[in-house]
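Work through the exercises below with the structure open beside you, and try each task before reading its solution.

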Amino acid sequence: MQRIYIKDLKDHIGKEVVIKGWVKVRRDQGKMIFMDMRDFSGVVQCVILTSNMEEMGQSLLRQGYGGPGDIRTEWVLAITGMVNKRPEKNVNAEVENGNIEVEIKNIEVLNKTEVLPFEISDDTINVNEDTRLKYRYLDMRSDRVQKNLRMRHKVAKLIRDHLDKEGFTEVETPLLTKSTPEGARDYVVPSRLYKGEFYALPQSPQQYKQLLMTGGIEKYFQIAKCLRDEDTRGDRQPEFTQLDMEMSFAEREDVMKVNEELLIEIVEKLYPNKKIQEKPFPRISYKEAMEKYGSDRPDLRKEKNDPNLLAFCWVIDFPFFEKAKTSDNKQTKGEWTFTHNPFSRPVPEHMEYLMKGEKIGDIITSQYDIILNGYEIGGGSIRNHQYEALQKVFEILGYEKESIENDFGHMLQAFRLGTPPHGGIAWGLDRLVMLLQNEPNIREVIAFPKTGEGRDFMMNSPSQISEKQLRELHIKIRE
């Protein structure tokens, strides 16, 4: 008999069915046993009647169990039973499938469980987080984590469908790339075949997406993994996911329009209980944001205690450069560092300042950040697509020409070969879903997150590797 999902049982009243899932709750009531069964689609109450108890006991005995009394919560069962309407007095309109129950005819034990490290309820938020992360596959059975992951899927699917209709092409970019000084510290991967040489894991697909514009893709996007070896912080992950996007022949207004329409559609289609405070999204200059709110990520909600109020805004007109605080700040080598990334293009009226190396602190970049309820959820810019301009940026940052060529020669060469004007943006997908789901941190919307200190208690990583592996990779551990 084919398995029926619990959500579909209402369409099978009066029929015998097979359901498969976990025992959510078990209750003995005299000579009857009630079990709430859960699969990914829902929950339903099942009952072993007195008249079936002896036959059920014999069936379980043949499987090596003492009887129905042995069954405990979180055992994995296949249940054959009759879908019945509940008597009127037992109908519970407050719960899912509250008007039906499954009269159990047979139970097949697919797997039992040992004593659980914590009780699996609808919400495990109060369980010690390190324990939850060590047993994330158990935590994932909770209703809240299930909903978070399913809504994340729906957000990602809507993004793909929306951008496909807008003529974008989804392109995967490499995870093994080159270490370049463009932002945070890289995770590096030693090469076995090329002694003493290393790949780097991408902090973002920034350079690849710009090279896709050189390749004529014109409208690119990707839901991309990004990896940064940053200092630990509570709401930071070594790896995270972003919506990455780039458009050729685009001005700032084109990129902002596409993204604003997409964000509005996500909220209105998937979160109809939430209200966007202002449409179109207000725009604030960096200068105004700092003077008025003391932050370039202002929380513009008129009612801060309303979790379903969404105050989006754009912050624009950022300074391109700022004085470097330390010699290794953002890996720059000179007096100046960049505020966002070195690939941005100045606003047109300041391009002359850049090319002459004048009024560096006054140069405004074409950067635009999208803010939601006081969080930066994304940022982007129009890029320098001419090699002379990009080279000038690195000169201002203090790089010698030889160093520029070594680190970014591939970009400069592409820009000499007909790269069109282009611009883009990247969102933090984890952070956006966190805010839409009213969660306190991004770990709650990631399937297998690490701790704030970057450890994975479930897989016990990072961990040491064998001497054989170290030798193959030409690596010696220094005490």
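Helices and strands are here DSSP runs, numbered from the N terminus, where a helix has at least four residues and a strand at least two. The model is a predicted one.

**Exercise 1. Find out what pLDDT the protein chain averages, and where the pLDDT is below 50.**

Begin with the chain as a whole, which averages a pLDDT of 93, with 97% of the residues scoring at least 70. Then look at residues 327-332, where the pLDDT is below 50, although this stretch has 17 contacts in the model beyond near neighbours in sequence. Finally, recall a general caution: where pLDDT is low, the predicted coordinates should not be read in detail.

**Exercise 2. Trace the open sheet strand by strand, and say which strands stand at the edges.**

Following the sheet across, you meet 8 strands in the order β6-β9-β10-β19-β18-β17-β14-β12, with mixed pairing. The edges are taken by β6 (169-170) and β12 (283-285), and each of these has a single partner strand, so one side of each is left without a neighbour in the sheet. Next, place helix α6 (residues 252-270), which packs on the sheet and touches β10 (239-248), β12, β14, β17, β18 (375-382) and β19 (422-428). The direction of α6 makes about 30 degrees with that of β19.

**Exercise 3. Describe how strand β17 pairs with β14 and with β18, and decide whether the residues of β17 are buried or exposed.**

Take the β14 side first: strand β14 (residues 312-316) and strand β17 (residues 368-372) pair in the antiparallel sense over 5 bridges. Within this pairing, V315 stands opposite D369, while C313 stands opposite I371.

On the other side, β17 and β18 also pair in the antiparallel sense over 5 bridges, and the bridge partner of I371 in β18 is E376. The hairpin of these two strands has 2 residues between them, and in this hairpin N373 takes a positive phi near 50 degrees.

Now turn to the side chains. In a regular strand the side chains alternate between the two faces of the sheet. In β17, Y368, I370 and L372 point one way, whereas D369 and I371 point the other way, and all are buried. As 5 of the 5 residues of β17 are buried, which here requires under 20% relative accessible area, the strand is largely enclosed by the rest of the structure.

**Exercise 4. Identify the residues with the most contacts inside the largest nonpolar core, and follow one of them to its surroundings.**

The largest nonpolar core has 44 residues, and those with the most contacts inside it are I159, L163, L243, I266, F312 and W427. To this core α6 gives the most, with 8 residues. Choose F312 as the example: not counting residues up to four places away in sequence, it touches L263, V267, I276, F281, P282, I370, I371, L372 and I377. Another core, of 25 residues, lies apart from the largest one and includes I33, M56, W75 and I104.

**Exercise 5. Explain why T241 counts as buried, and find which side chain it makes a polar contact with.**

First locate T241, which is found in strand β10. Its relative accessible area is 7%, and therefore T241 counts as buried. Its side chain makes a polar contact with the side chain of R152 at 3.2 Å. Leaving aside neighbours within four places in sequence, the contacts of T241 include R152, I223, A224, W427 and D430.

**Exercise 6. Locate the cis peptide bonds ending at P280 and P462, and the positive phi values of K359 and H474.**

As background, most residues other than glycine have a negative phi, and most peptide bonds are trans. The bond from K279 to P280 is cis, with omega near -10 degrees, and P280 lies in the loop between β11 (275-276) and β12. A cis peptide bond also joins S461 and P462, with omega about 0 degrees, and P462 lies in the loop between α11 (429-436) and α12 (467-472).

Now check phi. For K359 it is near 45 degrees, and K359 is found in the loop between α8 (351-356) and β17, where its 49% relative accessibility makes it count as partly exposed. For H474 phi is near 60 degrees; H474 has its place in the segment after α12 and, at 37% relative accessibility, counts as partly exposed.

Methods:
Residues numbered from 1 in each chain as written. Predicted model: local features only at pLDDT ≥ 70, side-chain atom pairs only at ≥ 80, totals over all residues. Heavy atoms only, no water. Pairing = 2+ DSSP bridges. Contact = heavy atoms within 4.5 Å. Axes fitted to C-alpha atoms, helices over the stretch in contact; angles between N-to-C directions. pLDDT = per-residue confidence, 0-100. Buried < 20%, exposed > 50% of the residue type's maximum accessible area, 1.4 Å probe, protein only. Polar contact = N/O pair within 3.5 Å; in protein donor to acceptor, adjacent residues only side chain to side chain. Core = buried A, V, L, I, M, F, W, Y, C linked by side-chain atoms within 4.5 Å.
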